[in-house]
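Welcome! Take a moment to look over the structure, and then try the exercises with a pencil in hand.

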Amino acid sequence: MTEAKEKIRQFVISNFLFGQDNGLTANASFLEQGIIDSTGVLELVAFVESQFGIKVEDAELIPDNFDSIDAVAAYLGRKRPTHK
Amino acid sequence: MTFTRQSLAIDPAKEAERISEALRRFLSKDLHRRGLVVGLSGGVDSSVVASLAVRALGKDRVFGLLMPERESSEDTLRLSEGIARALGIQFAKEDITILLEAAGFYRRYQESVATVVPGFESNWKSKLVTSGSNDPAGFTVFSIVAESPNGNRIQKRLPLKAYLEIVAATNFKQRIRKMLEYHHADRLNFAVAGTPNRLEYDQGFFVKNGDGSADIKPIAHLYKCQVYALGHYLGVPAEILSRPPTTDTYSLPQGQDEFFFAVPVEQLDLCLYGKNHGIEPEAVANAASLKAEHVRAIWKDIDRKRATTRPLHLPPLLVEKVSEIQLNGEAPKI
């Protein structure tokens, strides 16, 4: 897993799952699994903005970009093409 | 049998009788109280609850509470006093502005909004809106709409901290009102009636220990159109019946569908009923003038809201069951 992906994974586990990873996979849908609700998405956005130094625009706040570890990592890849 | 709006129709006379009988039974057998306190907002739900209470118990056993504050719509006070007088019940007006000031509501709210809308002052108006109505399959994004005294409107997406603080502040309104309802109930040896309809109850659209708290919720099983049907039958004034559902929580008028529900209540009635009764999405779509894929997305949103708001319904969680105390109105095993 890339460094960014691992950071995202760790954040989700510690912030939403109280440290229990429960077999969380990189492509598991947060919404379907009930891991994250609308308030949770804002926490994820705040984390991603401060951790990776980006600004998430309103139009980017969609499940395609935020609904799984893979989705967030891919979104970051597009926002910061020079980083891993 | 084609699914239409008519499929939700009730027999209002029968339903009124069923609810009246239940109110009398709950008060005498379960609650041991002599009447009901009803917070009146001038909306159809609380007006129907008060009317049902009077029908069941007589006007001497129903006490109305009007609880306006600085940001309440003017219609609220006029219509709520109107229904109280029409029903002939005892009622009191308790202005909660000073209580809200003491709790720091106005200051906390203004400070939180100002972190997102610089220059936001207490003489501005504002409301919370969600993006949910445009794309129920996506995330719900909360924004603040702020209007300056000269009429300029700004809309900004809320970061988490500001969103939580704003909701935590406005929740004072519901909780202070419920505190007053229970004060009068205790004073009169009455119980407190809650006024949620089925959409609000099912979807968790209430404040925990605010309007979510009650001894009886007489219309929590009724879809909104069924509440209106009862309203017509019980003679609730036409002006109340034609008033659009509002939260009456923010200084700018805020529709319930702007803030919480993904679609207007007329359509949510049909979608929720259809989902609960296993109706095909295409049939629901037809009845609601929506596309079938939109209905499916709304159904997903219904499930999501149920899951997210489940904690609001839960009683206190116990590490170990105390079996001598039975909840759910079952008599304890002696």
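The exercises below deal with a predicted model, and each comes with a worked solution.

**Exercise 1. Describe the contact between chain A and chain B: how many residues does each chain give, and how much area is buried?**

Step 1: Start with the residues. Chain A brings 18 residues to the contact, and chain B brings 14 residues.

Step 2: Turn to the area. The two chains, A and B, bury about 1,300 Å² between them, and 68% of this lies on carbon and sulfur atoms.

Step 3: Look for the main contributors in chain A. Leu31(A), Ser38(A) and Leu42(A) supply 38% of the area that chain A buries against chain B, more than any other three residues.

**Exercise 2. Find out which salt bridges and polar contacts link chain A and chain B, and which helices of chain A take part in the contact.**

Step 1: Recall the principle. Side chains of opposite charge can pair when their charged atoms come close.

Step 2: Count the links. Between chain A and chain B there are three salt bridges, and three residue pairs are in polar contact, both residues being at pLDDT 80 or more.

Step 3: Find the helices on the chain A side. Helix H2 (30–33), helix H3 (38–52) and helix H4 (63–66) of chain A each give at least two residues to the side that touches chain B. The largest share, seven residues, belongs to H3(A).

Step 4: Sort that side of chain A by class. It has nine nonpolar, two polar and seven charged residues.

Step 5: Look at individual pairs. Glu49(A) forms a salt bridge with Arg157(B), with the closest N and O atoms 3.9 Å apart; a salt bridge here requires such atoms to be within 4 Å. Another salt bridge joins Lys300(B) and Glu32(A), at 3.3 Å from N to O. This pair runs from helix H13 of chain B to helix H2 of chain A.

Step 6: Set this against the whole. Over all chains, the structure holds 27 salt bridges.

**Exercise 3. Explore the second largest pocket: what is its volume, and what lines it?**

Step 1: Take the volume, which is about 1,300 Å³.

Step 2: Look at the lining. It consists of 31 residues, and the closest to the pocket centre are Tyr201(B), Ala214(B), Asp215(B), Ile216(B) and Lys217(B).

Step 3: Name the elements. Helix H1 (12–31) and H13 of chain B give two or more residues each, and H1(B) has the largest share, with ten residues.

Step 4: Divide the lining by class. There are 16 nonpolar, seven polar and eight charged residues.

**Exercise 4. Now examine the cavities: how many are there of 30 Å³ or more, and what surrounds the second largest?**

Step 1: Count them. The structure holds two cavities of 30 Å³ or more, and the second largest has a volume of about 30 Å³.

Step 2: Check its lining, which includes Gln203(B), Phe260(B), Phe261(B), Leu268(B) and Asp301(B). Helix H13 (residues 292–313) of chain B provides the largest share, four residues.

Step 3: Finish with the classes. Six residues of this cavity lining are nonpolar, one is polar and two are charged.

How values were computed. Residues are numbered from 1 along each chain as its sequence is written. Chains are lettered from A and ligands numbered from 1 in the order in which they are written. This is a predicted model: local features need pLDDT of at least 70, side-chain atom pairs count only at pLDDT 80 or more; totals for chains, interfaces and linings use all residues. Side-chain values use heavy atoms; hydrogens and water are left out. Contact means heavy atoms within 4.5 Å. Buried area is the accessible area (1.4 Å probe) that two parts lose on being put together, summed over both. A salt bridge is a side-chain nitrogen of Lys or Arg within 4 Å of a carboxyl oxygen of Asp or Glu. A polar contact is a pair of N or O atoms within 3.5 Å; within protein, one must be able to donate a hydrogen and the other to accept it, and residues adjacent in sequence count only if both atoms are side-chain atoms. Ala, Val, Leu, Ile, Met, Phe, Trp, Tyr, Cys and Pro count as nonpolar, Asp, Glu, Lys and Arg as charged, and the others, Gly among them, as polar. On a 1 Å grid over the protein atoms alone, a cavity is a set of points where a 1.4 Å probe fits but cannot get out, and a pocket is an open set with protein on both sides within 12 Å along at least five of seven lines; lining residues have an atom within 4 Å of a point. Grid points are joined across faces, edges and corners, and a volume is the space filled by probe spheres set on the points.
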